[in-house]
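Trainee: I've just opened this one and don't know my way around yet. Could you walk me through it?

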Amino acid sequence: MAHVKLHIPGPVEVSAKTFQALCSPMIGHRGQGFKDLYAKMQPQLQALLSTKQLVYLSTSSAWGVMEGAIRNLVAKKVLNGMNGAFSDKWLDVSKRCGKNAEGLQAPWGSPIRAEDVDKQLATGQFDALTLIHNETSTGTMSPLAEIAALKKKYPDVMFIVDAVSSMSAVPLKFDELGIDVLLAGTQKAFALPPGLALFVCSPAALAKAATMKDRGYYLDFVEFQKNAMEQMTPSTPSIPHIYALNAKLDEFFAEGLENRYARHVKTNQLTRDWAARHGFTLFPEKGFESITLTCVNNGAKPGGRAVDVAKLQKLVKDRGFLIDGGYGKIKGTTFRISNMGDETPESMNQLYAALDKAVSQL
Ligand SMILES: *Cc1c(COP(=O)(O)O)cnc(C)c1O
């Protein structure tokens, strides 16, 4: 069957080069070969996240670390920033971990705002905050730096940040932000297959985790630190993913991080231009649009032309590209186009050409 190229916001298209790296011969995870591999990657990972802390590799999807952060860091009560499907779910997950949790709700498409976070944290009820930097379900980016600045006012609150669909596509300076946990899964902007997550913790987060009972084993942050100091992971990791990550990091630095960030800005702008050309508006509040994906209104709002999203998706798929038909409660009234990973203006132009033809057939 012919491959349909992925332009959904995760998993994204994986290159042949990455698959080749994934198929490197197996090694043992307690041997020198693995330690050398992790040791080689560590400075690259630290440079990527602008941190002196060790970056950990978790064989799980992002949710593993998202749940792990709750279990390792919430003693009193967690405030879950909620403005889309993934962030809404984090409240549910916090409760399923048996924690006291409360949502800080913003409408879908709106960002989480620093002043609202400030107001809630000022109540003194919370010892942790979760925030999704780039809410993938709505294509909305929250002002991370502004929110992170609140950490100075609330040093005892653990700031846990999901950068699943922004890490490696936008600059994220962990030490400078001063937050406590930053995490991502690899199937979004890293353009690796799903199954690996990476994260970094502040010294304060590690100290807090060490005091927590019932944090389990598989996602025990203290175990990750102890093992990372020896260039290892607590349990047998997905070594193929780590080979692939290793190759990908070399690609990042060969391109240059600044070039990589600029490329994402450029390809995202092209998608916005494509939408505007067809009279479509974007779902997120102006000024908070994601730069790794574009969430487009189907036109049902006044002045727009409403299109059948399922039909559009099918017509584009027939031309070899998979776009997303909207997520959760905005399925069918929005569609999403990813420009994450390896995409270039040239590769995106092929998608827009297919989209143009599809739109003309609606
Ligand atoms: C995709 C995604 C997740 C969930 O990732 P899994 O790989 O399914 O665990 C979490 N947060 C955001 C922002 C995402 O885009």
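Mentor: Sure, let's go through the ligand site and then the core, keeping in mind that this is a predicted model.

Trainee: Okay, which residues come nearest to the ligand?

Mentor: There are 13 residues around the ligand, so to speak its shell, since a residue is near when a heavy atom lies within 4 Å. From that set, the ones that come nearest are Ser61, Thr136, Asp162, Gln187 and Lys188.

Trainee: Which side chain has an N or O atom 2.6 Å from a nitrogen atom of the ligand?

Mentor: Let's sort the polar contacts by ligand atom. Trp63 uses a backbone N or O atom, 2.9 Å from a ligand oxygen, and Thr136 puts a polar side-chain atom 2.4 Å from a ligand oxygen. The one facing a ligand nitrogen is Asp162.

Trainee: And how much of the ligand's accessible area does the protein cover?

Mentor: On its own, the ligand has 380 Å² of accessible area. The part of that covered by the protein is 90%.

Trainee: Which helix gives the most to the shell around the ligand?

Mentor: The shell residues divide into six nonpolar, five polar and two charged. Three residues of the shell come from one helix, residues 62-73, and that's helix 3.

Trainee: Now the largest nonpolar core: why does it lie between two domains?

Mentor: This core has 86 residues, with Leu182, Leu183, Phe221 and Leu245 making the most contacts inside it. Helix 10 (residues 239-255) gives the most to it, seven residues. The core lies between the domains because residues come from both domain 1 (5-11 + 256-360) and domain 2 (16-254).

Notes. Residues are numbered from 1 along each chain as its sequence is written. This is a predicted model: local features need pLDDT of at least 70, side-chain atom pairs count only at pLDDT 80 or more; totals for chains, interfaces and linings use all residues. Side-chain values use heavy atoms; hydrogens and water are left out. A polar contact is a pair of N or O atoms within 3.5 Å; within protein, one must be able to donate a hydrogen and the other to accept it, and residues adjacent in sequence count only if both atoms are side-chain atoms. Accessible areas come from the Shrake-Rupley method with a 1.4 Å probe; for residues, only the protein chains shown count as cover. Helices (H or I, at least four residues) and strands (E, at least two) are DSSP runs, numbered from the N terminus. Ala, Val, Leu, Ile, Met, Phe, Trp, Tyr, Cys and Pro count as nonpolar, Asp, Glu, Lys and Arg as charged, and the others, Gly among them, as polar. A nonpolar core is a set of buried Ala, Val, Leu, Ile, Met, Phe, Trp, Tyr and Cys residues joined through side-chain atoms within 4.5 Å. Buried means under 20% relative accessible area, exposed over 50%, partly exposed in between (1.4 Å probe, protein chains only). Domain bounds come from an automatic or database domain assignment.
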